[in-house]
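Work through the exercises below with the sequence and the model open side by side. Try each task before reading its solution.

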Amino acid sequence: MAHALTRSGSRFSSFVARAAVLPLLGIVWAGVSSAQGGPPNPQAQVDAANPGDLVFLQAGAHRTLTITKPLTIIGGPGATFAQIVLNGSGGNLTLSNLKALSDLTGQGFDELRLSELDLQGAVSVLGLRYL
């Protein structure tokens, strides 16, 4: 089940992500390598994306992912991060098919949508704690 958190914290709603929507979105694969010839670096992919882009992250175990702009981020099967930190300045952020080994924390987004997220901790955004 997916959930949406809004900045005011007064509206929690469910949504269903549909594959049919993907062709309508600007899909981005920022093929930024972590080393010459190495696999894409998830942080570099997020950093290279423009606000509003759809970013696919490679499966595998990764360190901290810091997100500073409104994006739709979809992880490959088993995309795992030690920590996910949000530090935005408005806009909507969607996270799907990711695993975080600690709390999801941060601030600065108008709306946070979570779908198929495996969190080992809780969500704490803008003073809200979502369990």
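**Exercise 1. Describe the overall make-up of the protein.**

Solution. Begin with the secondary structure, which in this predicted model comes to one helix and 14 strands. Next, turn to burial: the protein has 131 residues, of which 38% count as buried. Then consider the surface, where the protein exposes about 6,800 Å², with carbon and sulfur atoms supplying 53% of that area. Finally, look at the contacts between residues at least 6 apart in sequence, among which 22% join residues at least 24 apart.

**Exercise 2. Locate glutamine 45, decide whether glutamine 45 is buried or exposed, and find what lies 2.8 Å from a polar atom of its side chain.**

Solution. First, place the residue: glutamine 45 belongs to helix H1, which covers residues 42–48. Second, compare its relative accessibility with the cut-off, under 20% for a buried residue; because the value for glutamine 45 is 0%, this residue counts as buried. Third, follow the side chain of glutamine 45, which has a polar atom 2.8 Å from the backbone oxygen of phenylalanine 56.

**Exercise 3. Characterise the surroundings of threonine 80.**

Solution. First, find threonine 80 in strand S8, which runs over residues 79–81. Second, apply the cut-off of under 20% again: threonine 80 has 14% relative accessibility and therefore counts as buried. Third, set aside the neighbours within four places in sequence, and the residues in contact with threonine 80 are Gly60, Ala61, His62, Lys99 and Leu101. Fourth, check the backbone separation to alanine 100, which is 20 residues away along the chain from threonine 80, while the C-alpha atoms of the two are separated by 5.8 Å.

Methods. Residues are numbered from 1 along each chain as its sequence is written. This is a predicted model: local features need pLDDT of at least 70, side-chain atom pairs count only at pLDDT 80 or more; totals for chains, interfaces and linings use all residues. Side-chain values use heavy atoms; hydrogens and water are left out. Helices (H or I, at least four residues) and strands (E, at least two) are DSSP runs, numbered from the N terminus. Buried means under 20% relative accessible area, exposed over 50%, partly exposed in between (1.4 Å probe, protein chains only). A polar contact is a pair of N or O atoms within 3.5 Å; within protein, one must be able to donate a hydrogen and the other to accept it, and residues adjacent in sequence count only if both atoms are side-chain atoms. Contact means heavy atoms within 4.5 Å. Accessible areas come from the Shrake-Rupley method with a 1.4 Å probe; for residues, only the protein chains shown count as cover.
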